[in-house]
Amino acid sequence: MAEVSPGQLLIAGEWAEAASGKRFETVNPADESVLTTVAAAGAEDVERAVAAARKAQDEGPWSRMPAAERGRILWRMAERIRERASDLALLETLDTGKTLFDSGKIEIPMAASIFEFYAGAAGKVGGRTLGTRSDAFLFTVKEPVGVVAAITPWNFPFLLASWKVAAALAAGCSVILKPASQTPLTALEMGRVGLECGLPPGVLQVLPGGGATVGMALVRHPGVDKIAFTGSTAVGREILRESAPTLKRVTLELGGKSPNVVFADADLEAAARGAFTGIFYNKGEVCAAGSRLLIERSVHDAFVATLAERAEATTLGDPKEKGTRMGPVVSAEQMKTVLGYVECGKREGARVVAGGRRADEVNSGKGFFVRPTVFDAVTPEMTIAREEIFGPVLSVLSFEGPDEAAALANATNYGLAAGVWTRDVGKAHRFARSVRAGTVWVNAYNLYDPALPFGGFGQSGFGRELGLEALDAYLETKSVWIQL
Ligand code: NAD
């Protein structure tokens with residue numbers, strides 16, 4: 001077993017214990033052992049971090065540094081992340097239960113590519129000149145929003161932190177990163193990378209700790225200008241409410257119940273692979289997971305049989321091992337939630353065709369393993385068709401024709417993502433138009449590019465991550481009128 005060092009807070013460029021002296025444990029979900037302990041930030045630490053961020057922001061040098069130079073620091077961070085990819089991946093796997101393949105080959109390299117994208121974008125921010133008057137010269141400039149509190153969830157700790165941190169730094173903001181308390185370890189390493197690569201003190205600080213304590217203290221603090229939140233819709237609502245008195249800028253990346261639609265004319269083999277990874281990548285702990293699979297009736301039975309077979313053949317085990325295809329869910333609490341939904345699905349009359357239980361044959365019952373579960377005969381009013389489960393549970397519904405597909409796809413309060421599988425280009429385009437979702441994949445699922453914005457419609461939140469759209473969300477527009 002790898003040794004994991006205890007974690008501290010990163011405040012004003014230095015590692016520190018919490019003012020309260022409190023620490024919390026972080027657990028390896030694969031064997032339930034305590035990986036290490038981490039300092040638990042509290043209100044006093046938030047005060048110190050906000051003061052340091054304000055100093056960095058208001059007195060420079062960060063916000064006054066030429067943008068290209070900020071870009072160079074971000075590029076160095078990307079290089080350092082690539083150099084450290086294997087140790088960062090191991091830490092991420094130990095803390096979250098995701099396979100080493102996913103953390104090492106997909107997510108850590110993707111985080112590096114996010115830093116590279118925003119390194120290039122930093123020097124390309126500009127305003128507009130407006131030739132609308134002869135008696136005045138009108139133009140706009142973009143300025144950093146200021147101090148950003150980035151509050152992140154446990155499913156992609158390093159990757160989702162990179163989405164916020166890289167964009168905010170490129171814009172010239174200072175960031176206080178508050179990782180989820182289940183998975184604090186790699187966020188601390190992002191802070192370390194920043195220090196090593198020349199970020200001035202106070203520009204990137206990391207405060208692990210509880211949501212209701214340190215998270216909420218950041219949300220309410222008048223010295224914080226913006227909250228960039230990714231997490232559940234329930235907490236998103238609370239953040240919006242509690243940030244209202246100080247009128248903070250807020251972006252919310254929230255939950256989903258995304259439809260993945262398979263038409264009978266699709267390449268069914270590709271669609272089956274896409275449906276499988278669409279729900280079971282990262283044990284279903286993906287905000288955009290294709291957790292509602294809508295299958296056209298004529299191909300329904302064969303398609304479900306293929307999926308069930310793949311699910312049953314999935315090897316669960318130690319996520320560090322090469323042969324493992326799925327690791328444990330993140331925590332005991334999450335396992336309880338997921339199994340609760342499984343029981344609810346059974347009670348409400350859906351039919352289990354794969355899984356449907358805890359995998360207690362794995363690791364002698366130690367660890368939070370849940371078999372990949374496929375429910376067939378799900379109807380739209382069932383709980384498992386409506387609520388986000390955030391685990392390896394797929395709900396299958398069937399439809400007849402494009403109109404019913406679109407109606408079912410849109411029968412949700414969420415609107416994060418959607419997928420459609422068809423060989424008919426017109427049908428694909430029409431579906432992409434008719435579905436209310438921030439991202440639509442055609443003949444693909446769960447693919448991301450640093451340049452392509454990502455975010456929700458409806459109760460999946462507002463604002464966009466990634467792309468130039470995210471950069472803009474960390475900038476204010478100032479209009480200047482020069483009377484001639
Ligand atoms: P969560 O909302 O419980 O926690 C997210 C973060 O908010 C954590 O850092 C947590 O400590 C903090 N937090 C909790 N309560 C808080 C409070 N009262 N004030 C301030 N901060 C608080 O979510 P989670 O369980 O960590 O993550 C799962 C959820 O995240 C799912 O709903 C999932 O869909 C969503 N998610 C969305 C996206 C996206 O891009 N839309 C990506 C990943 C996850």
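**Close-up views of the ligand site and helix H4**

**View 1. Residues around the ligand in the predicted model.** The ligand is surrounded by 26 residues (each with a heavy atom within 4 Å of it), and the closest are Thr152, Lys178, Ser232, Leu254 and Glu388. Residues are numbered from 1 along each chain as its sequence is written, and side-chain values use heavy atoms, without hydrogens and water. In this predicted model, local features need pLDDT of at least 70 and side-chain atom pairs count only at pLDDT 80 or more, while totals for chains, interfaces and linings use all residues.

**View 2. Polar contacts of the ligand (pairs of N or O atoms within 3.5 Å).** One ligand oxygen atom is 2.7 Å from a polar backbone atom of Thr152. An oxygen atom of the ligand also lies 2.9 Å from a side-chain N or O atom of Trp154. For Glu238, a side-chain N or O atom is 3.4 Å from a nitrogen atom of the ligand. Of the 840 Å² of accessible area that the ligand has on its own, the protein covers 90% (Shrake-Rupley method, 1.4 Å probe).

**View 3. Elements that supply the shell around the ligand.** Helix H7 (211–220), strand S10 (226–230) and helix H8 (233–243) each supply at least two residues of this shell. Helices (H or I, at least four residues) and strands (E, at least two) are DSSP runs, numbered from the N terminus. The largest share, 3 residues, comes from H7.

**View 4. The kink in helix H4.** Helix H4 covers residues 100–122 and has 23 residues. A kink of about 30° lies at Glu107, shortly before the proline Pro109; the bend is the angle between axes fitted to the seven residues ending there and the seven starting there.

Terms used. The expected span of a helix is 1.5 Å times one less than its number of residues. A polar contact is a pair of N or O atoms within 3.5 Å; within protein, one must be able to donate a hydrogen and the other to accept it, and residues adjacent in sequence count only if both atoms are side-chain atoms.
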